[in-house]
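Welcome! Have a look at the sequence and the 3D structure, and then we can explore them together through a few questions.

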Amino acid sequence: MGRFLRARREAVGPEQAGLPAGLRRRTPGLRRAELATLAGISVEYLTRLEQGRDRNPSAQVLGALADALQLTLQERLLLRRLTKEAHDGDPLVCAAAPPLSRTARPTVRAVLDRLEPAPAAVINWVGDVIAHTSGHARLFGPLGALDGEPPNLLRHLFTDERARTAYPDWDRVADETVARLRHEVPLRDPYVADLAEELTITAGAEFADRFADLSAVPRRVGSRRVAHPEVGQLRLLYETLALPEDGQWVVVHLPADDATAAALDRLAGRRPGALRAVADTG
């Protein structure tokens with residue numbers, strides 16, 4: 001929570017907060033005294049929050065800080081979650097947690113069948129690919145993303161060199177994938193703890209630094225570029241559909257332009273037009 005507050009404070013310029021920029025600033029963003037004044041709290045209390053010496057701020061204090069930092073709704077929800085983690089203890093301590101599911105329900109598999117030939121997959125909260133369409137296999141299989149038993153998005157991204165070639169925007173893909181692992185999982189989950197320890201060792205700082213960055217907010221929709229070894233450059237849009245009772249998500253990829261739609265049709269061996277491009281309005 002403290003790291004998140006400090007990161008957001010340093011990301012807000014004084015002009016955004018309606019304050020004069022001043023001539024000399026040794027640190028980016030707002031000074032602690034400025035944020036404390038805007039939120040109506042003392043500098044000493046804000047310092048304790050940022051340093052982790054006070055882990056139980058009131059809802060009123062959180063709301064005032066969120067207003068002063070101009071947080072989005074998603075960032076406010078993240079702040080609330082981090083506060084709960086700070087109050088309840090270390091979120092990575094093994095404790096009672098729901099069992100990790102590595103199978104998809106029959107009804108979810110039936111939904112996947114109806115999504116063909118679109119690339120779609122069911123992902124559990126640690127990034128295991130537990131079910132997918134044949135369109136997903138044709139798109140992501142040649143990239144190495146379905147290797148492993150079970151295949152895992154994070155292991156592929158951070159330990160398979162093919163991922164660097166496959167994703168021209170690898171850094172952004174890695175940021176988004178780790179943010180989901182960090183913030184959209186059960187509190188104090190032992191499965192996340194095990195995977196985080198493994199990747200901290202196998203991938204080093206590239207994973208560990210992202211996992212420690214609590215300011216990154218997960219995205220459920222977006223775009224992605226893929227350099228496919230068989231059909232070349234692709235522009236994809238993705239939608240993430242939550243299955244909260246299972247701790248799973250259905251991730252669907254769709255072509256963002258006509259060239260990508262035609263390329264996916266060629267991969268599937270289907271007549272042109274089986275998949276139509278979706279305009280990216282974001």
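The questions and answers below walk through this predicted model.

Q: Which residues of helix H3 are buried?
A: Helix H3 covers residues 43–50. Its buried residues are covered by elements that include helix H1 (2–11), helix H2 (32–39) and helix H4 (59–68). The buried residues of H3 are Tyr 45, Leu 46, Thr 47, Leu 49 and Glu 50.

Q: Which residue with a positive phi follows H3?
A: Go along the chain past the end of H3 and look at the backbone there. The phi angle is positive, near 75°, and the residue is Gly 52.

Q: How are the rings of Phe 158 and Phe 207 arranged, stacked or edge-to-face?
A: A search of the whole structure finds four aromatic pairs. In the pair of Phe 158 and Phe 207, the ring centres are 5.6 Å apart and the planes are at 85°. Planes over 60 degrees apart count as edge-to-face, so the arrangement of Phe 158 and Phe 207 is edge-to-face.

Q: How many residues apart in the chain are Phe 158 and Phe 207?
A: Phe 158 belongs to helix H8 (residues 153–159), while Phe 207 belongs to helix H12 (residues 205–212). The pair links distant parts of the chain, and the separation is 49 residues.

Q: Is Phe 207 buried or exposed?
A: Buried means under 20% relative accessible area. Its partner Phe 158 has 8% and is buried. Phe 207 has a relative accessibility of 0%, so Phe 207 is buried.

Q: Over the ring of which residue does the charged end of Arg 164 sit?
A: Start from the aromatic cluster, where Phe 158, Phe 207 and Phe 211 are joined by Trp 170. The charged end of Arg 164 is 3.6 Å from the centre of the ring, and that ring belongs to Trp 170.

Q: Which helix gives the most to the largest nonpolar core?
A: In soluble globular proteins, nonpolar side chains tend to be buried together. Here the largest nonpolar core has 46 residues, and those with the most contacts inside it are Val 122, Leu 154, Phe 158, Tyr 167, Phe 207 and Leu 234. The helix that gives the most to this core spans residues 170–183 and provides five residues: it is helix H10.

Q: How many residues does the second, separate core have?
A: This second core is separate, and its members include Leu 5, Leu 35, Leu 79 and Leu 82. Its residue count is 24.

Q: How many residues apart in sequence are the parts that Arg 155 and Glu 198 tie together?
A: Side chains of opposite charge can pair when their charged atoms come close. Arg 155 and Glu 198 meet in a salt bridge at 2.7 Å, N to O. Arg 155 lies in helix H8 and Glu 198 in helix H11 (residues 190–202), so the parts tied together are apart in sequence by 43 residues.

Q: In the salt bridge of Asp 175 with Arg 210, which residue is buried?
A: The closest N and O atoms of this pair are 2.6 Å apart. Asp 175 lies in helix H10 and Arg 210 in helix H12, so the pair ties together parts that are 35 residues apart in sequence. Asp 175 is partly exposed at 37% relative accessible area. With 17%, the buried residue is Arg 210.

Definitions and conventions
Residues numbered from 1 in each chain as written. Predicted model: local features only at pLDDT ≥ 70, side-chain atom pairs only at ≥ 80, totals over all residues. Heavy atoms only, no water. Buried < 20%, exposed > 50% of the residue type's maximum accessible area, 1.4 Å probe, protein only. Helix = DSSP H or I, 4+ residues; strand = E, 2+ residues; numbered from the N terminus. Contact = heavy atoms within 4.5 Å. Phe/Tyr/Trp six-rings, centres within 6.5 Å; stacked < 30°, edge-to-face > 60°. Lys NZ or Arg CZ within 6 Å of the ring centre and 35° of its normal. Core = buried A, V, L, I, M, F, W, Y, C linked by side-chain atoms within 4.5 Å. Salt bridge = Lys/Arg side-chain N within 4 Å of Asp/Glu carboxyl O.
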